[in-house]
Amino acid sequence: MPADWLFNKRHGISQCGTQRNGGVYKLQALDRAFAVLDLLSSSSAPLGLAEIAAALDLHKSTAHRFLMVLERHRIVERTPAGKFRLGLRLCDFGSRAIEQYDLRERAQLHLKTLVVEVEETAHLCILEKTHMVYIDKQEPERTIRMISRVGASSPIHCTAVGKAILATMSRPRVEEMLQAVQLERFTRRTMTSRQALLKELDRTSRRGYAVDDEEREEGVRCAGMAILDGRGEAIAAVSISGPSFRVTMQKIPSIADKLMTCVKGIQHDLGFIPFAR
């Protein structure tokens, strides 16, 4: 059975009109190039030519041609031992892709749906040094609503969005960040002890969402959840905020469930692969 047929069948490439000098063949070449990249990205160690050819059901000469082209463009690189791994140019592509996508635009529909379900104010925030910056806000049609504005910022230690992002970080990174944070008191409930905050971050990590229990503003309670990229690192956070007489502690778990649906929708639309913790 021809190796080309095996490769096409395994990777879902159509057999229609596979003339070698036609456009379909060129598309197959692209499919094969991406299959090489998929293989290298899923391997924990660099792979040799024979390993790549065998894994993709390709002749060594065919696999070698693809690898040479990818290497010339710095998409893959060769180790001193002559094996292949992903190249650093992919980092450039990844950085540019991140810069180009509009997080706010992708998240907006999910935030609006969340607000309709919960009937409280939703915020989308990003981390800027030691503060959370509000980049979008969606409000319900209620008389009593959150007083906040897009572009404003709040300290990371007393907000649900801030604690949600901190809870995704390693303990050494959190402790390093907290050295630059002045744990300012805003209400009688604000955590001004690093030890108390670290314990709260442990609770946040276990349950999957953070709570601001009137820590930033008296009479305002919030629940927040981080948006994770494909590596499990937080790129932003979403929160639901409202007056504490409506957003009661009893309602927080139900709100968190809806936050999870919202966050998963945003991650899906951003193209992030679910990360297994």
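# A guided tour of the predicted model

Begin with the whole protein chain: of its 277 residues, 44% count as buried, where buried means under 20% relative accessible area, exposed over 50%, and partly exposed in between (1.4 Å probe, protein chains only). This is a predicted model, in which local features need pLDDT of at least 70 and side-chain atom pairs count only at pLDDT 80 or more, whereas totals for chains, interfaces and linings use all residues. Residues are numbered from 1 along each chain as its sequence is written, and side-chain values use heavy atoms, with hydrogens and water left out.

Colour the chain by secondary structure. The protein chain holds 10 helices and eight strands; helices (H or I, at least four residues) and strands (E, at least two) are DSSP runs, numbered from the N terminus. Among contacts between residues at least 6 apart in sequence, 57% join residues at least 24 apart, a contact being heavy atoms within 4.5 Å.

## The sheet

Select strands E3 to E8. These six strands form an open sheet in the order E5-E4-E3-E8-E7-E6, with antiparallel pairing; two strands pair if DSSP finds at least two bridges between them. Strand E5 (153–155) and strand E6 (210–213) stand at the edges with a single partner strand each, so one side of each is left without a neighbour in the sheet. On average, neighbouring strands of this sheet are turned by 30° against each other, direction ignored. Axes here are lines fitted to C-alpha atoms, for helices over the stretch in contact, and angles run from 0 to 180 degrees between N-to-C directions. Strands of a sheet pair through backbone hydrogen bonds, either parallel or antiparallel.

Next, select strand E3 (residues 121–128) and strand E8 (residues 234–243), which pair in the antiparallel sense over five bridges. Show Ala122 and find Ile240 in E8 opposite it.

Follow E3 into the loop that leads to E4, where Lys129 is located. Phi of Lys129 is near 60°, a positive value in a residue other than glycine. Is Lys129 buried or exposed? With a relative accessible area of 69%, Lys129 is exposed.

## The edge hairpin

Move to E6 and E7, which run antiparallel and are joined by four bridges. In E7, Cys222 is the bridge partner of Asp212. Display the side chains of E6: Ala210 and Asp212 point one way, Val211 and Asp213 point the other way, and all are buried. In a regular strand the side chains alternate between the two faces of the sheet.

E6 and E7 form a hairpin with six residues between them. Select Glu214 in the loop between these two strands. Its phi is near 60°, a positive value in a residue other than glycine. Glu214 counts as buried, at 10% relative accessibility.

## Two helices across the sheet

Now add helix H6 (residues 103–118), which lies across E3, strand E4 (131–138) and E8 and runs at about 65° to E4. Add helix H10 (residues 252–269) as well; this helix lies across E6, strand E7 (220–228) and E8, at about 30° to E7.

How do H6 and H10 stand to each other? Their axes come within 9 Å and cross at roughly 155°. H6 and H10 are therefore roughly antiparallel to each other; angles under 35 degrees count as roughly parallel, over 145 as roughly antiparallel, 65 to 115 as roughly perpendicular and the rest as oblique.

Display the side chains where the two helices meet. Among the H6 residues in this contact are Leu103, Ala107, His110 and Leu114, and the H10 residues include Ile255, Leu259, Cys262 and Ile266. By class, the contact of H6 with H10 has nine nonpolar, two polar and four charged residues. Ala, Val, Leu, Ile, Met, Phe, Trp, Tyr, Cys and Pro count as nonpolar, Asp, Glu, Lys and Arg as charged, and the others, Gly among them, as polar.

Centre the view on Ile266 in helix H10. Ile266 is buried, with a relative accessible area of 0%. Leaving aside neighbours within four places in sequence, Ile266 is in contact with Leu103, Ala107, His110, Ile227 and Val238. Its C-alpha atom is separated by 8.8 Å from that of Gln108, 158 residues apart along the chain.

## A last stop

Finally, select Leu56, in the loop between helix H3 (49–55) and helix H4 (60–72). Leu56 is buried, with a relative accessible area of 3%. Leu56 and Ala35 are 21 residues apart in sequence and 7.6 Å apart in space, C-alpha to C-alpha.
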